[in-house]
Amino acid sequence: MYGKEAEILAMHAGLECGVFMSKIKELDAISLAPNLFDVHTPDEHLSISSAERVWEFLLEILKEMKYMNCTK
């Protein structure tokens, strides 16, 4: 969508995905987010342009799911 290959990272973080996956064994989950800086500090902030890209990407994923009939 943006002319780049997706970057797949594994990291230690306290995300809800792990909680959901521990409760629902067959669940696949991903987490996506804008670029965040100085997380959990008084200077925490995010990139507005990356937040816009994440939002547009999420909308495209949801459209594809609708067309694939994945939302049932």
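A salt bridge is a side-chain nitrogen of Lys or Arg within 4 Å of a carboxyl oxygen of Asp or Glu. In this predicted model, the structure holds just one such contact. Its partners are the side chains of Lys63 and Glu60, with 3.2 Å from N to O, so the pair falls inside the 4 Å cut-off. Both residues sit in helix H2, which covers residues 48-67, and they are three residues apart, or about one turn of the helix. Neither partner is tucked fully away: Lys63 is partly exposed at 41% relative accessible area, and Glu60 is partly exposed too, at 32%.

The surface also carries a nonpolar patch, made up of Met1, Tyr2, Ile30, Leu32, Trp55, Phe57, Leu58, Leu59 and Leu62. Together these residues offer about 890 Å² of accessible area. One of them, Ile30, is found in the loop between helix H1 (16-23) and strand S1 (36-37). Ile30 counts as exposed because its relative accessibility is 66%, and the cut-off for that is over 50%.

Then there are the pockets. The largest has about 1600 Å³ of space. It is lined by 30 residues, and Glu7, Leu9, Ser31, Leu32 and Ala33 are the closest to its centre. H1 and H2 are the elements that give two or more residues to this lining, with H2 giving the most, at five. By class, the lining of the largest pocket splits into 21 nonpolar, five polar and four charged residues.

The second largest pocket has a volume of about 160 Å³. Its lining consists of Asp28, Ile30, Leu32, Leu58, Ile61, Leu62 and Met65; six of these are nonpolar, one is charged and none is polar.

Definitions and conventions. Residues are numbered from 1 along each chain as its sequence is written. This is a predicted model: local features need pLDDT of at least 70, side-chain atom pairs count only at pLDDT 80 or more; totals for chains, interfaces and linings use all residues. Side-chain values use heavy atoms; hydrogens and water are left out. Helices (H or I, at least four residues) and strands (E, at least two) are DSSP runs, numbered from the N terminus. Buried means under 20% relative accessible area, exposed over 50%, partly exposed in between (1.4 Å probe, protein chains only). Patches are made of residues with over 30% relative accessible area and no salt bridge: like charges are joined within 9 Å, nonpolar side chains (Val, Leu, Ile, Met, Phe, Trp, Tyr) within 5 Å. Accessible areas come from the Shrake-Rupley method with a 1.4 Å probe; for residues, only the protein chains shown count as cover. On a 1 Å grid over the protein atoms alone, a cavity is a set of points where a 1.4 Å probe fits but cannot get out, and a pocket is an open set with protein on both sides within 12 Å along at least five of seven lines; lining residues have an atom within 4 Å of a point. Grid points are joined across faces, edges and corners, and a volume is the space filled by probe spheres set on the points. Ala, Val, Leu, Ile, Met, Phe, Trp, Tyr, Cys and Pro count as nonpolar, Asp, Glu, Lys and Arg as charged, and the others, Gly among them, as polar.
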